[in-house]
Amino acid sequence: MKSIRLKRGRERSVMRRHPWIFSGAIDRVEGDPQSGDTVEVFDHAGAWLARGAYSPISSIRTRIWTWNADEGIDAGFFKQRIDAAVDARGALRDDTSVNAYREIHAESDGLPGLILDRYVDLRVVQFLTAGVEAWRDAIVSILASSGECAGIYERSDNEAREKEGLPQRALAAFGEEPTGETTILENGLQFLVDVRQGQKTGFYLDQRENRRIVRSLVRGKDVLDCFCYTGGFTVSALAGEAKHVVSVDSSENALALARRNVSLNGFSADDCDWIQGDVFAELRAFRDRGASFDVIILDPPRFAPTAATKQRAARAYKDINLLAFKLLRQHGKLITFSCSGGVSPALFEKIVAGAAVDAAISAQIVKWLSQPQDHPVSLHFPEGRYLKGLVCRLA
Ligand code: SAH
């Protein structure tokens, strides 16, 4: 039998149903488990606790599949978990203003390491950990045989796989390789998504509700969309009748697609300002030339993927938020996000408050933002709540 035995006291997090077991919690490994093998988890006294996937390289040495001794880990197990997750998205499936959403959100759907996003009839899958990698073929065949999609594209080219000792892979796992972009609908707006080359699985589906909120805040306003990627917030702001939008991103490809997304929705890309550059530098340049805005959106990439990189990330967040506060007109709004797992909502609020103090402005929080229902957070896995945002209003 392949198994791990925990050190005394280290069973507590497992008993609270947290799915991660770190290498430091493990006293003994038995049966020589290989990458992705199923292991039984015992406490220090030999009592059975759970069953999980072994990952010999990752500091998260085991991710738990089940706390139910009767539940075996086989294709049937994956079919059940996949069906449950997909069924839970029923409301989005029925919503005619949306046809792209997350169908499986890894740990929070009981499937550590598995991401599944739907773009109309194309599914994009990511196998991020040793456990799901071992079940890759079974999972692809379950997804393909459900008859719910025309194709499955695999984007297992995420840096997370390096920590698991897994190679990078991007290919059509089922059906034909998609050619060109897929046109999706979000909040009734159209977006082109490049699932092969785009960031993550192609689109930041987790900002759907926040884009709707931005749309409701910008009528007649001068808007600055920082880290605009393919224009999710830019197009939403135009749909909300913003007076003018300036969009900044460092990626030339992202900006090119953003322009096309603006046009696709019937707005003029030439009426917007597009800046390819570093947001940190561009915000300073705006400050130096005395520019100002009514609404500023800050949606940076993950500055702190882990708790260890928190300090450096905190400085980066503070820097851009401070600069943005200084560019806001009276009663202007800052809509600011962090998608760093290593930065808690409380810490993020503290960083933004610190930025306001250093910018010598007074502001209030008028709304707390988070991730939508298709990116649920397991109550046992607070790390699943990675996206947090604030709408701050300047006094
Ligand atoms: N707001 C976007 C998602 C942002 S993702 C949306 O709604 O879809 C983060 C973006 O920041 C990426 O497009 C990346 O190209 C860009 N980026 C990363 N570092 C940057 C920097 N220093 N300056 C400008 N853009 C940056």
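The following dialogue asks how the terms used for this predicted model are justified.

Trainee: What ground rules apply to the model and its numbering?

Mentor: This is a predicted model, with residues numbered from 1 along each chain as its sequence is written. Local features need pLDDT of at least 70, side-chain atom pairs count only at pLDDT 80 or more, totals for chains, interfaces and linings use all residues, and side-chain values use heavy atoms, with hydrogens and water left out.

Trainee: Why is Ala 360 called exposed?

Mentor: Set the value against the cut-offs. Buried means under 20% relative accessible area, exposed over 50%, and partly exposed in between, with a 1.4 Å probe and protein chains only. Ala 360 has 70%, so it is exposed. Its place is the loop between helix H11 (345-358) and strand E19 (363-369). Phi of Ala 360 is near 60°, a positive value in a residue other than glycine.

Trainee: What makes His 331 partly exposed?

Mentor: His 331 has 41% relative accessibility, so it counts as partly exposed. His 331 also has a positive phi of about 65°, although it is not a glycine.

Trainee: Where does His 331 lie?

Mentor: In strand E18 (residues 328-338). Helices (H or I, at least four residues) and strands (E, at least two) are DSSP runs, numbered from the N terminus.

Trainee: Lys 243 and Asp 157: what class does each get?

Mentor: Lys 243 is at 58%, so it counts as exposed. Asp 157 is at 29%, so it is partly exposed. Lys 243 lies in the loop between helix H7 (232-239) and strand E15 (244-249). Asp 157 is found in the loop between E10 and E11.

Trainee: How far is Lys 243 from Asp 271 in space?

Mentor: Their C-alpha atoms are separated by 10.0 Å, while the two residues are 28 apart along the chain. Asp 157 and Thr 201 are 44 residues apart in sequence and 9.8 Å apart in space, C-alpha to C-alpha.

Trainee: Why is strand E13 (residues 189-193) called largely enclosed?

Mentor: 4 of its 5 residues are buried, so the rest of the structure largely encloses E13.

Trainee: How do you know that E12 and E13 pair?

Mentor: Two strands pair if DSSP finds at least two bridges between them. Strand E12 (residues 182-186) is joined to E13 by 5 bridges, so the pair qualifies, and the two run antiparallel. One bridge links Glu 186 with Leu 189 in E13. The two strands form a hairpin with 2 residues between them. Asn 187 in that turn has a positive phi of about 50°.

Trainee: What makes E2 and E3 edge strands?

Mentor: First, the sheet. An open sheet of 6 strands has the order E2-E6-E5-E4-E1-E3, with mixed pairing. Strand E2 (20-22) and strand E3 (26-30) are its edges, as each pairs on one side only. The twist averages 35° from one strand to the next. Axes here are lines fitted to C-alpha atoms, for helices over the stretch in contact, and angles run from 0 to 180 degrees between N-to-C directions. Inside this sheet, E4 (residues 38-42) and E5 (residues 48-54) pair in the antiparallel sense over 5 bridges. Val 41 has Ala 50 in E5 as its bridge partner.

Trainee: Which strands are at the edges of the 5-strand sheet?

Mentor: That open sheet has the order E7-E8-E9-E10-E11, with mixed pairing. Strand E7 (100-105) and strand E11 (169-174) each pair on one side only, as edge strands. Neighbouring strands are turned by 20° against each other on average, direction ignored.

Trainee: How do you know that E9 and E10 pair?

Mentor: DSSP bridges again. Strand E9 (residues 122-127) and strand E10 (residues 151-156) share 4 bridges, in the parallel sense. Leu 122 has Gly 151 in E10 as its bridge partner.

Trainee: What makes a residue part of the shell around the ligand?

Mentor: One of its heavy atoms must lie within 4 Å of the ligand. There are 15 such residues, and Arg 211, Asp 249, Asp 278, Val 279 and Asp 299 come nearest. By class, the shell has 7 nonpolar, 4 polar and 4 charged residues. Ala, Val, Leu, Ile, Met, Phe, Trp, Tyr, Cys and Pro count as nonpolar, Asp, Glu, Lys and Arg as charged, and the others, Gly among them, as polar.

Trainee: Why does Arg 211 count as a polar contact of the ligand?

Mentor: A polar contact is a pair of N or O atoms within 3.5 Å; within protein, one must be able to donate a hydrogen and the other to accept it, and residues adjacent in sequence count only if both atoms are side-chain atoms. An N or O atom in the side chain of Arg 211 is 2.9 Å from an oxygen atom of the ligand, so the pair qualifies. A backbone N or O atom of Phe 227 lies 3.0 Å from a ligand nitrogen. For a backbone N or O atom of Gly 277, the distance to a ligand nitrogen is 3.5 Å.

Trainee: How much of the ligand does the protein cover?

Mentor: It covers 89% of the 590 Å² of accessible area that the ligand has on its own. Accessible areas come from the Shrake-Rupley method with a 1.4 Å probe; for residues, only the protein chains shown count as cover.
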